[in-house]
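Q: Please take a close look at one part of this model and describe its backbone and surroundings with care. Where the reasoning depends on a cut-off, I would like to see that cut-off stated.

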Amino acid sequence: MDIAILGTGRVGGALGPRWAGKGHRIVYGVPAVEAAEVRRVLDKSGPNASAANVREAAAVSQVILLAVPWGVTREVIESAGTLDGKILVDCVNPVKPDFSGLSLGSAPSAAEEIAAWAPGAKVVKAFNTVSDATMVNPWYGGQKAAMFFCGDDERAKGIVRQLTDDLEMEPVDAGPLQNARY
């Protein structure tokens, strides 16, 4: 599967190499392709990964993982261009810059805001409830870490379920996108 990962920080840098190792083609959508952080993540990801600007990465991918800080989320979505029909996996938590809480109340959720900013995209909330360390190694003794996901498009949720399985996590369908607020 062709997956764009917008962001090379802790989440993008954890998920991208794992999916690339499972044979998915990863393109990191970044503002500066030659940045040291991007090179580091590409080295970890191996031959199934490349980097491009955000718009190019989104254009060539079926699935787009949004792994950026909340404060730049809308700007990044707008820079991606049209996302009609694309699966947009939202793993962003709307954390305040000082980490003192959430920027949003319970309604609408960040995922619902993102869906409004990306009309035509099939938004699925996922990969926001565990640490990047768990994304790299999801095993606790003999038990897989659970990964909750929610969305309004069943086909998109099925793809996120498969991507969760590929990470050796236990997928848990938490219902419609409005449940992201919980």
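A: Phe127 is buried, because its relative accessibility of 1% falls under the 20% limit for that class. In this predicted model, Phe127 sits in the loop between β6 and α6, and its backbone has a positive phi of about 60° although the residue is not a glycine. As a general matter, most residues other than glycine have a negative phi.

The loop that holds Phe127 is also the place of Val130, with β6 spanning 122–125 and α6 spanning 132–136. Val130 counts as partly exposed, at 21% relative accessibility, whereas Phe127 counts as buried. If residues up to four places away in sequence are counted out, Val130 touches Met135, Ala146, Met147 and Met169. For a reference point elsewhere in the chain, Val130 and Leu65 are 65 residues apart in sequence, and their C-alpha atoms are 15 Å apart in space.

A positive phi is also found at Glu168, a residue other than glycine, where the value is near 65°. Glu168 belongs to the loop between α7 (154–166) and β10 (170–173), and with a relative accessible area of 30% it is partly exposed.

The cysteines can be treated in a similar way. A search of the whole structure finds 0 disulfides, and the sulfur-to-sulfur distances show why for Cys91 and Cys150: the cysteine sulfur closest to that of Cys91 is in Cys150, 13 Å away, which is too far for a bond, given that a disulfide needs the two sulfur atoms within 2.5 Å. Seen from Cys150, the closest cysteine sulfur is in Cys91, again at 13 Å. Both side chains belong to buried residues, with Cys91 at 7% relative accessibility and Cys150 at a relative accessible area of 5%.

Turning to the helices, the axes of α1 (residues 10–21) and α2 (residues 36–45) come within 8 Å and cross at roughly 30°. That angle makes α1 roughly parallel to α2, since angles under 35 degrees are classed in this way. The crossing of α1 and α2 is right-handed. In the contact itself, Gly13, Gly16, Pro17 and Ala20 of α1 meet Val41, Lys44 and Ser45 of α2, and the residues of this contact divide into 3 nonpolar, 3 polar and 1 charged.

Conventions:
Residues are numbered from 1 along each chain as its sequence is written. This is a predicted model: local features need pLDDT of at least 70, side-chain atom pairs count only at pLDDT 80 or more; totals for chains, interfaces and linings use all residues. Side-chain values use heavy atoms; hydrogens and water are left out. Buried means under 20% relative accessible area, exposed over 50%, partly exposed in between (1.4 Å probe, protein chains only). Helices (H or I, at least four residues) and strands (E, at least two) are DSSP runs, numbered from the N terminus. Contact means heavy atoms within 4.5 Å. Axes are lines fitted to C-alpha atoms, for helices over the stretch in contact, and angles run from 0 to 180 degrees between N-to-C directions. Angles under 35 degrees count as roughly parallel, over 145 as roughly antiparallel, 65 to 115 as roughly perpendicular and the rest as oblique. A crossing is left-handed if the near helix is turned anticlockwise from the far one by less than a right angle, and right-handed if clockwise. Ala, Val, Leu, Ile, Met, Phe, Trp, Tyr, Cys and Pro count as nonpolar, Asp, Glu, Lys and Arg as charged, and the others, Gly among them, as polar.
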